[in-house]
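Thank you all for coming, and please have the sequence and the structure open while I talk. I will go slowly, since this one is new to most of you.

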Amino acid sequence: MNLLRPTGERCSSCRLTTCTEWTDESVQVQPFEENGYLARIDFNPTVPHCSLASLIGLCLRGKIQKNVVERIKLDIVIAEGKHSTEEEINKQINDKERVAAALENPNLKEMFDSCIRDEE
């Protein structure tokens with residue numbers, strides 16, 4: 001949970017922690033395969049039509065992958081019923097090919113990098 005707290009990350013005009021809500025119950029970690037973990041994070045955009053929901057999911061994924069050294073399988077999803085296009089966004093942020101394609105967009109890559117950059 002502390003990893004997801006603000007460290008200076010910026011997503012467009014908001015911080016990850018002001019654009020989305022979660023609690024300790026929103027983060028579940030359990031053993032997975034040999035020497036690995038499965039982490040599921042349910043996040044709740046503050047409005048059901050949030051245009052930054054995909055970017056928030058990508059930033060959560062990037063921040064965790066950058067800072068967690070253990071072998072981990074991430075499942076990052078919008079909490080059920082909390083966004084108008086949650087199924088589409090959940091597929092996008094959990095599909096390696098879609099994530100890679102999204103990060104090929106220079107503007108999106110710049111926002112993503114800004115989101116996960118540690119405060120200096």
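I will begin with how the values were obtained, then turn to two helices, a core and a hairpin.

This is a predicted model, in which local features need pLDDT of at least 70 and side-chain atom pairs count only at pLDDT 80 or more, while totals for chains, interfaces and linings use all residues. Residues are numbered from 1 along each chain as its sequence is written, and side-chain values use heavy atoms, with hydrogens and water left out.

When I speak of helices (H or I, at least four residues) and strands (E, at least two), I mean DSSP runs, numbered from the N terminus. Buried means under 20% relative accessible area, exposed means over 50%, and partly exposed is in between, with a 1.4 Å probe and protein chains only.

Let me start with helix α2, which has 15 residues and reaches 21 Å from its first C-alpha to its last, close to the 21 Å expected at 1.5 Å a residue; that expected span is 1.5 Å times one less than the number of residues. Of those 15 residues, 12 are buried, so α2 is largely enclosed by the rest of the structure.

The largest nonpolar core, meaning a set of buried Ala, Val, Leu, Ile, Met, Phe, Trp, Tyr and Cys residues joined through side-chain atoms within 4.5 Å, has 23 residues, and those with the most contacts inside it are Phe 43, Ile 56, Leu 58, Ile 76 and Ile 93. Its largest share, 7 residues, comes from α2.

Now to helix α3, residues 86-93: which of its residues are buried? They are Glu 86, Ile 89, Asn 90 and Ile 93. Seen down the axis of α3, these buried residues fall within an arc of 100 degrees, so they line one face of the helix, the arc being that of the directions from the helix axis to the C-beta atoms. On the other side of α3, Glu 87, Glu 88 and Lys 91 are exposed.

Finally, the hairpin: strands β2 (residues 27-32) and β3 pair in the antiparallel sense over 6 bridges, where pairing requires that DSSP finds at least two bridges between two strands. Phe 32 stands opposite Gly 36 in β3. In the loop between β2 and β3 lies Glu 33, whose phi is near 50 degrees, a positive value in a residue other than glycine, and Glu 33 is exposed, with a relative accessible area of 59%. Asn 35, placed in that loop between β2 and β3, has a positive phi of about 60 degrees although it is not a glycine.
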